[in-house]
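User: Please take a close look at one part of this structure, the aromatic cluster and the nonpolar core around it. Then place that part in the chain as a whole.

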Amino acid sequence: MMDQETNNNTSIDFQITRYLAGDASPREIEDLLHWIEQSDDNRRYFLRQQDIWSALNPHFDIRDIDISKSERRLLTITGIKHHGLGYMLRKIIRACTRIAAAAFLPVLALALYFMFRTPAYTGQEITMTTSYGCTGRATLPDGTGVWLNANSTFRYPPEFKGDTRDVFLEGEAYFDVSTDKSRPFNVATPYLSVTATGTQFNVNAYDAAASVTLIEGKVDVDGTDLRPGEHLMLDDGKAVVSKNGNPDKYCSWRDGILIFEDERLTDICTRLHQIYGVDFDISPELHNRTFRMILSGENISEILHYFEMSAPVICESENLTSPDNTSKTKLKIRIRPS
């Protein structure tokens, strides 16, 4: 019985590790989500493992790393250089026995995972990715701070050279740009481009309805200048600027908060799809139904429960199998009048 429980815990730890590292498949993400929703103990366990992951993945400045020196030191310390893989595994296990029993399995899972994981640094650029439901943060070589929202990809060079600082984004990110008026900071996306010299702004580039929200300073969005508090959104390819909105609601995701102020159900579900990767099928008569809510860490099941409590609607879920890969499934939610 004890061996079975230990095997189950080890499996869960590897699933959580792959999820937090951004390498889990949609099927693995769905299975983990279902496991988390089974009990409060599971959810607390996941949050505890997430804290351990954060502690083992501190943010750093890429300029401070001597990759060759670090590699030689790691190989020597772990024993790979002279003793091989088996010796290294024994050293890891002996070291982990000094750790509290509750932390042993997740630390071992993380150690094994990082032994076989291919680094994202290719020598030409650094790629940062996040999975559904996860966010990330990085400090760029010039000191610029970047917060990356869920389901996003961000690329930047290990060193900014030349007269500009160029980065690429797919998804959503918040930027706190280090001031350098002689070298503009350019954010390229598939839908729009943003240029700044030193400011704070949010870019949402998940789809063609891309947007930019300026918090302070000044930015240029494909020839349109924004002032603090303004929000630019693409509507059929044309830039529409809002000047009297609440800019905080577009940036609150950094703190794990989603703010919806009397917004249409279709718009809310679009936002949930961006962050959680869930598809929605909404009955036409509910498209313009509005909701007001503030979400702070709720899972999809809890959010759907809010919908059902706030309006006469029924939310039904099903798992869809990808036509090109039967091992991958995706969660689809149907929302219809009750």
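Analyst: What follows starts with the chain, moves to the core and its aromatic rings, and ends with a pocket and some loop residues.

The model is a predicted one. Its chain holds nine helices and 18 strands. Of the 338 residues in the chain, 39% count as buried. Contacts between residues at least 6 apart in sequence include a share of 46% that join residues at least 24 apart.

The largest nonpolar core is made up of 30 residues. Phe154, Val167, Phe175, Val194, Phe201 and Val203 are the members with the most contacts inside it. Strand β5, which spans residues 165-176, gives the most to this core, with four residues. Apart from this core lies another, of 29 residues, including Leu265, Ile268, Phe291 and Ile300.

Val203 shows what surrounds one of these core members. With neighbours within four places in sequence left aside, Val203 is in contact with Leu169, Gly171, Glu172, Ala173 and Phe175, among others. Further contacts of Val203 include Thr189, Leu192, Val194, Ser211 and Val212. Two of the partners of Val203, Phe175 and Val194, are themselves listed with the most contacts inside the largest core.

Now to the rings. Eight aromatic pairs are counted. One of them joins Phe160 and Phe185 in an edge-to-face arrangement, with 6.4 Å from centre to centre and 75° between the planes. This pair links distant parts of the chain, as its two members are 25 residues apart. Phe160 is in the loop between β4 (153-156) and β5, while Phe185 is in strand β6 (residues 185-188). Phe160 counts as buried because its relative accessibility is 9%, under the 20% limit. Phe185 also counts as buried, because its relative accessibility is 0%.

The pair belongs to a wider group: ring pairs link Phe154, Tyr156, Phe160, Phe175, Phe185 and Phe201 into a cluster. Among these, Phe154, Phe175 and Phe201 are also named with the most contacts inside the largest nonpolar core. The cluster and that core therefore share residues.

Phe185 deserves a fuller description. Leaving aside neighbours within four places in sequence, Phe185 is in contact with Leu140, Asp142 and Thr144, and also with its ring partner Phe160. Other contacts of Phe185 are Arg165, Val167, Phe175 and Val177, together with Val194, Thr195 and Ala196. Of these, Val167, Phe175 and Val194 are on the list of residues with the most contacts inside the largest core. For Thr144, the separation from Phe185 is 41 residues in sequence, and their C-alpha atoms are 9.5 Å apart in space.

Aromatic rings also meet a charge in this model. The charged end of Arg254 sits over the ring of Tyr174, 3.9 Å from its centre. The charged end of Arg254 also sits over the ring of Trp147, at 4.9 Å from the centre of that ring.

The second largest pocket holds about 530 Å³ of space. Its lining comprises 21 residues, and Asn204, Tyr250, Glu263, Asp267 and Arg271 are the closest to its centre. At least two lining residues come from each of β8 (200-205), β12 (231-235), α7 (248-251), β14 (257-264) and α8 (265-276). Strand β14 supplies the largest share, five residues.

Last come three loop residues, two of them with an uncommon backbone angle. Most residues other than glycine have a negative phi. Asn151 has a positive phi, near 55°, and lies in the loop between β3 (145-148) and β4. With a relative accessible area of 28%, Asn151 is partly exposed. Asp222 likewise has a positive phi, of about 50°, although it is not a glycine. Asp222 is in the loop between β10 (219-221) and β11 (224-226), and its relative accessible area of 51% makes it exposed.

Arg227 is in the loop between β11 and β12. Arg227 is partly exposed, with a relative accessible area of 41%. Leaving aside neighbours within four places in sequence, Arg227 is in contact with Leu214 and Lys218. The C-alpha atoms of Arg227 and Leu214 are 6.6 Å apart, and the two residues are 13 apart in sequence.

Note on methods
Residues are numbered from 1 along each chain as its sequence is written. This is a predicted model: local features need pLDDT of at least 70, side-chain atom pairs count only at pLDDT 80 or more; totals for chains, interfaces and linings use all residues. Side-chain values use heavy atoms; hydrogens and water are left out. A nonpolar core is a set of buried Ala, Val, Leu, Ile, Met, Phe, Trp, Tyr and Cys residues joined through side-chain atoms within 4.5 Å. Buried means under 20% relative accessible area, exposed over 50%, partly exposed in between (1.4 Å probe, protein chains only). Contact means heavy atoms within 4.5 Å. Rings of Phe, Tyr and Trp (its six-membered ring) pair if their centres lie within 6.5 Å; planes under 30 degrees apart count as stacked, over 60 as edge-to-face and the rest as tilted. A charge sits over a ring if NZ of Lys or CZ of Arg is within 6 Å of the ring centre and within 35 degrees of the ring normal. On a 1 Å grid over the protein atoms alone, a cavity is a set of points where a 1.4 Å probe fits but cannot get out, and a pocket is an open set with protein on both sides within 12 Å along at least five of seven lines; lining residues have an atom within 4 Å of a point. Grid points are joined across faces, edges and corners, and a volume is the space filled by probe spheres set on the points.
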